[in-house]
Amino acid sequence: IHMDEETLHVPYLVTGGADGAVRVWKYHNRELILQYSEHRKGVARVIIDEVQPNIVHSVGGDCSVLSYDLKAARRMMCHIVNTGMMIGMSQRKDSERELVTCDTLGRLLYWDIDVRDPVLAVQDPSHYPIRAMEVSPTGRFIAFAGDDFILKVLDTKEQLIVSLGQ
């Protein structure tokens, strides 16, 4: 199925499933438009690109980040690490627009859409899995929390982690 310009202007919803599928639905009638079944394990998070709403990014238990171009109805990039199941993802909202993922090894990994490997890795000193994270609207900070039950904030300019409490 091809998503033309008219279809892209219709509000849509993107979901990720335990079966590894990323699905695109028309919002108003819940009609399935597209389905990608490339993750080998369940999809943990799906986001629509901040700049180009025709691009969708997903992370899965198979240690991969996949990006799809809905206009072309194809995968456009596959990022893979050998270890550390990815749990969450956000996107920088400043000029870089990089994806940032968190994983079971306690890492925040930065991904550039044009580069296969992470462009930066920040290790949480606790090494506990990071379960949730979000990039601030300015892109200056990343808030994250994990199995140590401590909310932390990363200053992306200084690459310093500040603990906010337990």
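Let's start with a pair of strands. Strand β10, residues 107-111, pairs with β11 in the antiparallel sense, over 4 bridges. Within that pairing, L109 stands opposite A121 in β11. Keep in mind that this is a predicted model.

A quick reminder on sheets. Strands of a sheet pair through backbone hydrogen bonds, and the pairing can be parallel or antiparallel.

Now widen the view. Which strands share a sheet with β10 and β11? The order is β8-β9-β10-β11. That makes an open sheet of 4 strands, with antiparallel pairing. At the edges we find β8 and β11, the latter being residues 120-123. Each of these edge strands pairs on one side only. From one strand to the next, the twist averages 20°.

Walk across the sheet with me. β8 and β9 pair in the antiparallel sense over 5 bridges. There, S90 stands opposite V100 in β9. Next step: β9 and β10 run antiparallel too, joined by 4 bridges. V100 turns up again here, standing opposite Y110 in β10. So how do β9 and β10 connect? They form a hairpin, with 3 residues between them. Look at G106 in that turn: its phi is positive, about 75°.

Stay on β9. Is this strand enclosed or open? 5 of its 5 residues are buried, so β9 is largely enclosed by the rest of the structure. Check the two faces. On one side sit L99, T101 and D103. On the other sit V100 and C102. All of these are buried, and both faces of β9 are covered.

Just before β9 comes E98. Its place is in the loop between β8, residues 86-91, and β9, residues 99-103. Is E98 buried or exposed? Its relative accessibility is 9%, and buried means under 20%, so E98 counts as buried. What does E98 touch, leaving out residues up to four places away in sequence? The list is S90, Q91, R92, Y110, W111 and V119. You have met two of those names already: S90 opposite V100, and Y110, also opposite V100.

On to empty space. Rolling a probe the size of a water molecule over the atoms shows where such space is left. The largest pocket holds about 200 Å³ of space. It is lined by 14 residues. Which lie nearest its centre? D49, Q52, Q91, R97 and I113. Q91 is also one of the residues E98 touches. By type, the lining divides into 6 nonpolar, 3 polar and 5 charged residues.

There is another open sheet to see. This one has 3 strands, in the order β1-β2-β3, and the pairing is antiparallel. β1 (12-16) and β3 (32-36) stand at the edges. Why is one side of each left without a neighbour in the sheet? Because each has a single partner strand. Here the twist averages 15° from one strand to the next. Strand β2, residues 22-26, runs antiparallel to β3, and 4 bridges join them. V22 stands opposite Y36 in β3.

Last stop, A143. You will find A143 in strand β13, residues 141-146. A143 has a relative accessible area of 31%, so it is partly exposed. Its contacts, neighbours within four places aside, are A132, M133, E134, L151, K152 and V153. And L164? That residue is 21 residues from A143 along the chain, and their C-alpha atoms are separated by 9.7 Å.

How values were computed: Residues are numbered from 1 along each chain as its sequence is written. This is a predicted model: local features need pLDDT of at least 70, side-chain atom pairs count only at pLDDT 80 or more; totals for chains, interfaces and linings use all residues. Side-chain values use heavy atoms; hydrogens and water are left out. Helices (H or I, at least four residues) and strands (E, at least two) are DSSP runs, numbered from the N terminus. Buried means under 20% relative accessible area, exposed over 50%, partly exposed in between (1.4 Å probe, protein chains only). Contact means heavy atoms within 4.5 Å. Two strands pair if DSSP finds at least two bridges between them. Axes are lines fitted to C-alpha atoms, for helices over the stretch in contact, and angles run from 0 to 180 degrees between N-to-C directions. On a 1 Å grid over the protein atoms alone, a cavity is a set of points where a 1.4 Å probe fits but cannot get out, and a pocket is an open set with protein on both sides within 12 Å along at least five of seven lines; lining residues have an atom within 4 Å of a point. Grid points are joined across faces, edges and corners, and a volume is the space filled by probe spheres set on the points. Ala, Val, Leu, Ile, Met, Phe, Trp, Tyr, Cys and Pro count as nonpolar, Asp, Glu, Lys and Arg as charged, and the others, Gly among them, as polar.
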